[in-house]
Amino acid sequence: MSGSDADLLETAAIVHGAGYAPDLAHSGFHLTQTLQRVKGELQFVPTKTGTSECTVPLPGICVRALVTHLAQQQREQAEAAAWMESGLVFTSTIGTPIEPDNLRRSWYALRKAIGHQETRFHDLRRSCVSMLLDIGASPHIVTRIIGHSDTRVTMASTRMPRWRNNGKPSTS
């Protein structure tokens with residue numbers, strides 16, 4: 001995912017059936033489209049560029065988190081009075097796409113609750129880069145996950161100074 005904070009919020013509902021093909025056995029997913037607001041309505045649209053349509057590798061920790069999330073989602077689906085199957089991995093409580101304004105409001109409440117009101121939603125991308133590098137993910141894989149075109153851009157966005165040495169861990 002790449003783009004502005006609004007793009008990230010609108011892309012937060014990655015598609016399972018139409019556009020998101022999980023391949024957890026191979027630790028990744030194939031991204032073919034995004035969810036965006038078009039003429040006031042949330043719609044699935046093609047990715048911004050041809051290179052945006054890609055297979056994104058996922059470290060084991062992410063695969064395990066997705067498997068856990070999907071199991072929880074199946075339980076919620078079974079318990080829901082009305083579930084609208086959308087094929088999405090991240091949904092509202094009834095299975096529909098997450099409304100970006102609702103996600104934004106939830107983010108504001110969460111950051112206030114933890115005392116980090118200055119943290120922007122987009123800052124999560126930088127944290128993701130840092131955490132992936134910290135668990136040993138290769139910089140070129142992190143670049144693919146985050147959707148940058150160049151590893152140097154990814155390395156410049158990390159919050160971990162020890163990784164700023166041409167994508168290699170510092171020895172200090």
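1. A good place to start is arginine 120, which is partly exposed, with a relative accessible area of 41%. The model here is a predicted one. The side chain of arginine 120 meets that of aspartate 123 in a salt bridge, at 2.7 Å from N to O. Its partner, aspartate 123, is buried, with a relative accessible area of 10%.

2. How many salt bridges does the structure hold? There are 4 salt bridges, and one of them joins glutamate 99 to arginine 37, at 2.0 Å from N to O. Glutamate 99 sits in the loop between helix 2 and helix 3, while arginine 37 belongs to strand 3 (residues 33-38), so this pair ties together parts that are 62 residues apart in sequence. Glutamate 99 is partly exposed at a relative accessible area of 28%, and arginine 37 also counts as partly exposed, at 32%.

3. Another salt bridge links aspartate 150 and arginine 152, whose closest N and O atoms are 2.7 Å apart. Is each of these residues buried or exposed? Aspartate 150 is partly exposed, with a relative accessible area of 24%, whereas arginine 152 is exposed, at 64%.

4. Aspartate 150 is also worth following to threonine 143, a residue of helix 5 (residues 139-146). Leaving aside residues up to four places away in sequence, threonine 143 touches His148, Asp150, Thr151 and Thr154. Threonine 143 counts as buried because its relative accessibility is 6%, and the cut-off for buried is under 20%.

5. Now for helix 3, which is a nice one to look at in the viewer. Its 14 residues should span 20 Å at 1.5 Å a residue, and the end C-alpha atoms are indeed 20 Å apart, so the two values agree. Within helix 3, the buried residues are Pro100, Leu103, Trp107 and Arg111. Looking down the axis of helix 3, you will find these buried residues within an arc of 65 degrees, so they line one face of the helix. In general, an α-helix has 3.6 residues a turn, so residues three or four places apart point the same way.

6. What does the other face of helix 3 carry? Turned away from the buried side are the exposed residues Lys112 and Ala113. Just after helix 3 comes glycine 115, which takes a positive phi of about 75 degrees.

7. Please also look at the aromatic rings. A search of the whole structure finds 1 aromatic pair. It is formed by tryptophan 107 and phenylalanine 121, whose ring centres are 5.6 Å apart and whose planes stand at 90 degrees, so the pair is edge-to-face. Tryptophan 107 lies in helix 3 (residues 100-113) and phenylalanine 121 in the loop between helix 3 and helix 4 (123-134), so the pair ties together parts that are 14 residues apart in sequence. Tryptophan 107 counts as buried, with 12% relative accessibility.

8. Finally, a stop in the loop between helix 2 (60-79) and helix 3, where threonine 91 has its place. Which residues does threonine 91 touch, not counting those up to four places away in sequence? They are Gln73, Trp83, Ser86, Thr96 and Ile98. Threonine 91 counts as buried because its relative accessibility is 18%, and buried means under 20%.

Methods:
Residues numbered from 1 in each chain as written. Predicted model: local features only at pLDDT ≥ 70, side-chain atom pairs only at ≥ 80, totals over all residues. Heavy atoms only, no water. Helix = DSSP H or I, 4+ residues; strand = E, 2+ residues; numbered from the N terminus. Buried < 20%, exposed > 50% of the residue type's maximum accessible area, 1.4 Å probe, protein only. Contact = heavy atoms within 4.5 Å. Phe/Tyr/Trp six-rings, centres within 6.5 Å; stacked < 30°, edge-to-face > 60°. Expected span 1.5 Å × (residues − 1). Arc of directions from axis to C-beta.
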